[in-house]
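Thank you all for making time this morning. Before I start, please have a look at the sequence and the structure on the screen.

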Amino acid sequence: VTEHLSLVGADADLAVEQLYAAHWRQLVRLSALLVHDQAAAEDVVQDAFVAMHGTWSRLRDPEKALAYLRQAVVNRSRSALRHRAVVERHVRASSAGEGTVDGPTVGGARRDAVRDALRQLSERQREVLVLRHYLDWSEAQIADALGISRGAVKAHASRGSAALRDLLGDWWEDPS
Amino acid sequence: MNDQLIRDLLHEVADDVEPEDRLDAIRAATAPTRGRTHRGWWVAGGAGLVAASVVTAFALGTGGAPQSQDPGPAEQSTSAPTPDGTDQAAPDESLDERTQKLEEMRRFADGVRAVYYIGDTPEGPRLYREFLTLDKDDTLSVAVAAALRTTTDGRPLPADDHDPDYRVVWPALTRASAEMSSTGDEIEVSMGGDPQSDLRSRGDLSPEEAQLAVEALVRTAQAAVGERLPVRFFVFGEPVDTLLGVATSGPVTAGPDLDVLAHVSLSDPFEGQVADNDEPFVVRGAASSTDGTVTTRIQRREGTFVIGQKVARLTDDATGLVPFTSTFDLSDAPTGDYDVISEVRTPTGTLTTDTRRITVID
């Protein structure tokens, strides 16, 4: 809290430095869950920080700035994903089935399975699940952030978890 | 159970990501990209807005947006009969008028457009214009985004050359783009970025500010296409019945100039302009004043010493703002920072001003 308080009245550069130190990693991870690509996630969050810097005069408050960053990361991840979907369709058409190659560990395999499953969810389902369970946002916060009703949030969440359970099959039964 | 499992799995996947350091890249992208060149507006990354080194008012008679019965961008409402001994509003009428029309056409072709922002007057908030040079490939969207102080891809515009007296009251993440309707007789403005509830409701804004925020987009879009077409609003792709609490279920048209616009608005100089004291210094703008005159003074930023004052006579136009020009000789002005202040008297007897900061060089 004191770290945050020290930001009040700070200039935009300082705000960026401090918020970067405190939140860069988590924001990139959030975006990576949504866009399935680390470099793209870093781009998205970098852009969000640059935008936050430019908007600092209207934020002037670290709490608001963090809320702004999270919202910007969610919005920009969606745009990044849509942009890439077009590119990926072309790639997939030309090069068939090259999956992610990862280490042989069980953990690695399970992570791959979860990543693959997340990709197969609808955009909304994925967003709702990630915001609900990774950021621990309330249904109301999610509804607000995504511009949908709370009922829709509930529906996406329950369909999303059901789909995830189906897709993960054995992993779901035995998460060890 | 279920939820906890999903939480664990998401964290497991996320924690596997070890982000690379981008702090230097962020610092580089947020560092001032230029010295104080006072060349006008630049957008790092070339997102559509380019330098406005010189700007001239066009279609001043309608407050920046040419009227729909005047299809051409350069059309202007009736111009001034030459007035008397005060500084001329339109010297050498016919020639001046023709020159100005040509100049307006050239500027319009160059992508110069009026973009509207909220500023304060003694009468309450009103709209002021800034003339910006916009990307000609997508002038409409770039203009509407610039009215939110963003680029078309949602990045904030640099604050440096923006007139600090003007403001944008939309929620911080708001984005906008615009296109002509398929029928070509309406402009479609699409909003997004912020939570829908924030875009739809008025929040902390006064009813006046909310109304003006919507009006600013309408007028900016109209000025961008050079026609006073009705504007239809969308939020996240869907038609929207209220924006900031303002009814937008049908097509929205611009309000009456005198109710909406600040009664004086400068188009030259632009904020931060550098003026060579060897050259005549021309102040242009649009105004409406109950005493029929607009007074412009140039004063030193420090000490407020006035180095010059001119009075321009306005032609009668009960319905809107009319153009005015005042020319100053700065040859005796010491180099330094100055304020250019144009002032008119409003129907309630108060004085409304528009101010630009300039730097005089030798």
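I will go through helix α6 of chain A, the nonpolar cores, two loop residues, and then chain B with one of its sheets.

A word on conventions first: this is a predicted model, in which local features need pLDDT of at least 70 and side-chain atom pairs count only at pLDDT 80 or more, while totals for chains, interfaces and linings use all residues. Residues are numbered from 1 along each chain as its sequence is written, chains are lettered from A and ligands numbered from 1 in the order in which they are written, and side-chain values use heavy atoms, with hydrogens and water left out.

Let me begin with α6 of chain A, residues 123-133, where helices are DSSP runs of H or I with at least four residues, strands are runs of E with at least two, and both are numbered from the N terminus. Eight of the eleven residues of α6(A) are buried, and by buried I mean under 20% relative accessible area, with exposed being over 50% and partly exposed in between, using a 1.4 Å probe and protein chains only. Among those buried residues are A:Arg126, A:Glu127 and A:Leu131.

What does α6(A) pack against in chain B? Its partner is helix α1(B), residues 2-15, at an angle of about 95° and with the axes 9 Å apart; the axes are lines fitted to C-alpha atoms, for helices over the stretch in contact, and angles run from 0 to 180 degrees between N-to-C directions. The two helices, α6(A) and α1(B), are therefore roughly perpendicular, a label that covers 65 to 115 degrees. Where they meet, α6(A) offers A:Leu129, A:Val130, A:Arg132 and A:His133, and α1(B) offers residues including B:Ile6 and B:Leu10, contact meaning heavy atoms within 4.5 Å.

A:Leu131 leads on to the largest nonpolar core, which has 63 residues, and A:Leu131 is one of the members that touch the most others, together with A:Leu30, A:Leu33, A:Phe49, A:Met52 and A:Tyr134. Such a core is a set of buried Ala, Val, Leu, Ile, Met, Phe, Trp, Tyr and Cys residues joined through side-chain atoms within 4.5 Å. Helix α2(A) gives the most to this core, with 13 residues. Apart from it lies another core, of 55 residues, among them B:Tyr116 and B:Leu229.

Two loop residues of chain A also deserve a look. A:His36, in the loop between α2 and α3, has a positive phi of about 60° although it is not a glycine, and at 23% relative accessibility it counts as partly exposed. A:Asp136, in the loop between α6 and α7, likewise has a positive phi, near 60°, and is partly exposed at 46%.

Turning to chain B, we find seven helices and 17 strands, and 53% of its 362 residues count as buried. Three of the strands form an open antiparallel sheet in the order β10-β12-β15, where two strands pair if DSSP finds at least two bridges between them. The edge strands are β10 and β15, each of which pairs on one side only, and eight bridges join β12(B) to β15(B). Within that pairing, B:Ala286 stands opposite B:Pro323. Finally, a cis peptide bond, with omega about 0°, joins B:Asp268 and B:Pro269, and B:Pro269 is found in the loop between β10 and β11.

Definitions and conventions:
Parallel < 35°, antiparallel > 145°, perpendicular 65-115°, else oblique.
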